[in-house]
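This report describes one protein chain for a reader who has not met it before. Please look over the sequence and the model before reading on.

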Amino acid sequence: MEKYLKYSLILLTLLFAGLTGVAILTNALETIVKANIFFLAASSILFLVSIMFWIIPWALLIKKNSKFSMLSAIVLGFSCVYGALTPVQVGAEALRAIKAKDILKVSYSESISAAMVVKGIKFFLLGLLSSGVLLLILVETELSPIMLFGLLSGFVVIALASALFLLPMSKRMGDLISDIFSKIAKVIPIFKVLEKYFRNYSAYLKKISLGTLIAVFLMASASFALEFTALLFAFFALGVNIDIIPLTVLFVIISILERTPVLPRGLGLVEAAGFIFLSIPDFALVLLTTSQIGAILVLFDVVRLVVPTLFSLAVSLIKLK
């Protein structure tokens, strides 16, 4: 667990340096200082609550008849959020599985399976929204090869994750996915682990009741909506009013790029793509100065990355039994 902490602290330090650089290059420091602290605080709280609605379904799925309390599971889940400063946030899932095993005595398989159910549903919702928005972006704008690769690779991750995590709800599809991994394992032995996991995962999904799945779906939807609202309040913090459609496009751009598999939370690509999008008045439907754009990107990075990481590190100091 120490390696996750060390990795997160290093990335957090680099993140502070990067955000400072963006603020200086865009002359956004003065604009940031004038931000409405109440709207900024509201944005941060909304984002933290969105994470709560991500963790509660995981806690609900691993709780079942176990002796530990829901509160313990939720606190443990929050204490691992700092590990999310990794590509596709896999660090948080791995750290959570390790802690759940050590503290709550939940098997790695069950903890990861529960996380994959929640992530699969959220990816499914994001995939539905992003497919239309991505098509709009490709038709209306001319992207650089790097930006195009970032958007498409992020979307592919979302689509594949949705399929891998949700299709095994059908035993036939679960067996098919496992058989595919079995064939690949003949060439690449490590895929034998995935074959075994997806057979167990498909069996795990069969044990989840329809009522529980509906509850998970509603909470994942709430998490998604709260993230969107947090972005809106980041604009409010700078006194900027933006229409719902361009805000949705920007939200999808951020959501896709932060899941780009080669970068921790899409750092660099998110800011570059966001800057390009907000610099096009005809597309963003709002005329913003360079300093305002820089300030928005910096403040929302603080909301989505810095605040949750620091909050998680603080929660990780709580001793669970």
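In this predicted model, a nonpolar patch lies on the surface, formed by Leu 176, Ile 180, Ile 184, Val 187, Ile 188, Ile 190 and Val 193. Together these residues have about 660 Å² of accessible area. Helix H8, residues 171-185, supplies the largest share of the patch, 3 residues. Ile 190 sits in the loop between H8 and helix H9 (191-206). Its relative accessible area is 61%, so Ile 190 is exposed.

Nonpolar side chains tend to be buried together in soluble globular proteins. The interior of this model holds a largest nonpolar core of 90 residues. Trp 58, Val 117, Tyr 201, Phe 235 and Leu 278 are the residues with the most contacts inside that core. Helix H6 gives the largest share of this core, 12 residues. A second core, separate from it, has 9 residues, among them Leu 11, Leu 12, Ala 23 and Leu 85.

Phe 235 can be followed in detail. Apart from neighbours within four places in sequence, Phe 235 is in contact with Val 240, Ile 242, Leu 247, Leu 250, Leu 278 and Ile 296.

Two loop residues other than glycine have a positive phi value, as the table shows.

| Residue | Phi | Loop between | Relative accessible area |
|---|---|---|---|
| Lys 105 | near 60° | helix H5 (90-104) and helix H6 (108-140) | 67% |
| Arg 265 | near 55° | helix H11 (244-257) and helix H12 (269-278) | 6% |

Which of these residues is buried and which is exposed? Lys 105 is exposed because its relative accessibility of 67% is over the 50% cut-off. Arg 265 is buried because its relative accessible area of 6% is under the 20% cut-off.

The protein as a whole has 14 helices and 0 strands. Its radius of gyration is 20 Å, close to the 20 Å that the globule rule gives for 321 residues, so the protein is as compact as a globular protein of that length. The C-alpha trace spans about 55 × 45 × 35 Å along its principal axes.

Of the 321 residues, 52% are buried. Among contacts between residues at least 6 apart in sequence, 75% join residues at least 24 apart. The accessible surface of the protein is about 15,100 Å², and 72% of this area belongs to carbon and sulfur atoms.

Notes
Residues are numbered from 1 along each chain as its sequence is written. This is a predicted model: local features need pLDDT of at least 70, side-chain atom pairs count only at pLDDT 80 or more; totals for chains, interfaces and linings use all residues. Side-chain values use heavy atoms; hydrogens and water are left out. Patches are made of residues with over 30% relative accessible area and no salt bridge: like charges are joined within 9 Å, nonpolar side chains (Val, Leu, Ile, Met, Phe, Trp, Tyr) within 5 Å. Accessible areas come from the Shrake-Rupley method with a 1.4 Å probe; for residues, only the protein chains shown count as cover. A salt bridge is a side-chain nitrogen of Lys or Arg within 4 Å of a carboxyl oxygen of Asp or Glu. Helices (H or I, at least four residues) and strands (E, at least two) are DSSP runs, numbered from the N terminus. Buried means under 20% relative accessible area, exposed over 50%, partly exposed in between (1.4 Å probe, protein chains only). A nonpolar core is a set of buried Ala, Val, Leu, Ile, Met, Phe, Trp, Tyr and Cys residues joined through side-chain atoms within 4.5 Å. Contact means heavy atoms within 4.5 Å. The radius of gyration is taken over C-alpha atoms; the globule rule is 2.2 Å times the number of residues to the power 0.38.
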